[in-house]
Amino acid sequence: MTDETPPEPFDEAEYRRRQRSRANLMGWILGALAFLFFFITMARMMGPK
Amino acid sequence: MAQSLTHAETALPADWRDLFALTKPRVMSLVVFTALCGLLAAPGHVHPVLAFSSILAIALGAGASGALNQWYEAGLDAKMKRTAGRPLPAGRLDPQTALHFGVGLAAFSVFLMLFAANWQAAALLTVSILFYVIVYTMWLKPRTPQNIVIGGAAGAFPPLIGWVAATGSMAPLPVLLFLLIFLWTPPHFWALALFVRSDYAAAGIPMMPVVAGEPSTRRQILFYALIMAAAAIAPWPLGYTGALYGWCAAALSAVFVALSVQVGLRRTGEGDRMQPEKRLFAFSVAYLFLLFGAVVADHWLIA
């Protein structure tokens, strides 16, 4: 079965730009969370809050 | 608006700025500040990393609530000038992305709170998110003009959560701070509703000025401002704060009540620019920032 209506063209450069900016941001966020969870664990191990 | 989205637009991944806008950053700033004040005013010492993580969890929870609110109200937002430019009604984001983002952020914020603080704070954060999304957004807002009176509880949770994150238990002062924000919400939102009344009417949202009319709304603004002022000053005579907070609360509340009297006793005609209402709305935001700042300053001075 084939789709009769071809998909509308979209801006390839804009697609790549958004994908790259989201991937970069996600990388930074995951890195920051790794540090945060490490420091939370350290803080909790150091004694009562 | 969302229906006019082309295949090409929906195929593009969402821009991170639109996801950020979904979290209502301006509302989040007040939530973060009141939560931080609740945490800093609590007795005892909290490790800075755990304090930061708790506040981050509250901020993410507030952002998740904002995202789910915008996901549910995309159709209504499209009908109002003030909100038509938001990512969903403007067609820059598809609803499914917004829903996944909101649910994911909510789950993560609760997990972070559980990991960094305690289960009591995580439970309160869960209740506040569910209250805002289900009780306020889905149930009360489209049904009753009392929507923001009862729904105001959702915005009143942050100082309580901040306190519980620091101590693991409840106390009278954070409950009074909860009550203060709860009573502050009606005059704050009704001042806004008075000058964007036509927007709410167009969207079919039963805000007080739309349903009960302007004179009744003005009287209720004044009524709530008076009991809010009493609640704001109460921690001082009850002995939960010192004189610094007491005098700040008295002075700031006097200005709030004076502005509310101006709004409450006014009658408007065609083409009125609603300046007193806009002044009250702007001052109400500053009022909460200054009052919560005074709670922390007072606590540190006494300490």
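Begin by selecting residues 214-233 and 243-264 of chain B, which are helix α12 and helix α13; their axes lie 9 Å apart and the two pack at an angle of about 175°. Because of that angle, α12(B) and α13(B) count as roughly antiparallel to each other. The model on display is a predicted one.

Next, show the side chains along this helix pair. On α12(B), the residues to display are B:Arg218, B:Arg219, B:Ile221, B:Leu222, B:Ala225, B:Leu226, B:Ala229, B:Ala232 and B:Ile233. Their partners on α13(B) are B:Gly246, B:Ala249, B:Ala250, B:Ser253, B:Phe256, B:Val257, B:Ser260, B:Val261, B:Val263 and B:Gly264. Coloured by class, the contact of α12(B) with α13(B) shows 13 nonpolar, 4 polar and 2 charged residues.

**The whole chain**

Now zoom out to chain B as a whole. Its secondary structure consists of 14 helices and 0 strands. The C-alpha trace spans about 60 × 55 × 25 Å along the principal axes of chain B. The radius of gyration of chain B is 20 Å, which agrees with the value near 19 Å for a compact globule of 303 residues.

**The two domains**

Colour residues 15-169 of chain B as domain 1 and residues 171-303 as domain 2. The centres of these two domains, taken over C-alpha atoms, are separated by 21 Å. At the boundary, 27 residues of domain 1 of chain B are in contact with 28 residues of domain 2 of chain B.

To inspect the side of domain 1 that touches domain 2 in chain B, select α3 (25-40), α5 (74-79) and α8, each of which supplies at least two residues there. The greatest contribution to this side comes from α8(B), with 9 residues. By class, this side of domain 1 of chain B has 16 nonpolar, 6 polar and 5 charged residues.

**From α8 to α7**

Keep α8 (residues 147-167) of chain B selected and add α7 (residues 119-140) of chain B; the axes of these helices come within 9 Å and cross at roughly 165°. This angle makes α7(B) roughly antiparallel to α8(B). The crossing of the pair α7(B) and α8(B) is left-handed.

On the α7(B) side of the contact, display B:Gln120, B:Ala121, B:Leu124, B:Leu125, B:Ser128, B:Phe131, B:Tyr132, B:Val135, B:Tyr136 and B:Leu140. Facing them in α8(B) are B:Asn147, B:Ile150, B:Gly151, B:Ala153, B:Ala154, B:Phe157, B:Leu160, B:Ile161, B:Val164 and B:Ala165. The contact of α7(B) with α8(B) comprises 16 nonpolar and 4 polar residues, with no charged residue.

**From α7 to α6**

Finally, hide α8(B) and bring in helix α6 (residues 95-116) of chain B, which packs with α7(B) at an angle of about 160°, their axes 7 Å apart. The helices α6(B) and α7(B) are therefore roughly antiparallel to each other. Here α6(B) passes α7(B) in a right-handed crossing.

For the contact itself, select B:Ala106, B:Ser109, B:Val110, B:Met113 and B:Leu114 in α6(B), which meet B:Trp119, B:Ala121, B:Ala122, B:Leu125, B:Thr126 and B:Ile129 in α7(B). Its residues divide into 9 nonpolar, 2 polar and no charged. B:Ala121 and B:Leu125 of α7(B) take part in this contact with α6(B), and B:Ala121 and B:Leu125 also belong to the contact with α8(B).

Key: Residues numbered from 1 in each chain as written. Chains lettered and ligands numbered in written order. Predicted model: local features only at pLDDT ≥ 70, side-chain atom pairs only at ≥ 80, totals over all residues. Axes fitted to C-alpha atoms, helices over the stretch in contact; angles between N-to-C directions. Helix = DSSP H or I, 4+ residues; strand = E, 2+ residues; numbered from the N terminus. Parallel < 35°, antiparallel > 145°, perpendicular 65-115°, else oblique. Contact = placed C-beta atoms within 7 Å. Nonpolar A, V, L, I, M, F, W, Y, C, P; charged D, E, K, R; others polar. Left-handed = near helix turned anticlockwise from the far one by under 90°. Domains from an automatic or database assignment. Rg over C-alpha atoms; globule rule 2.2 N^0.38 Å.
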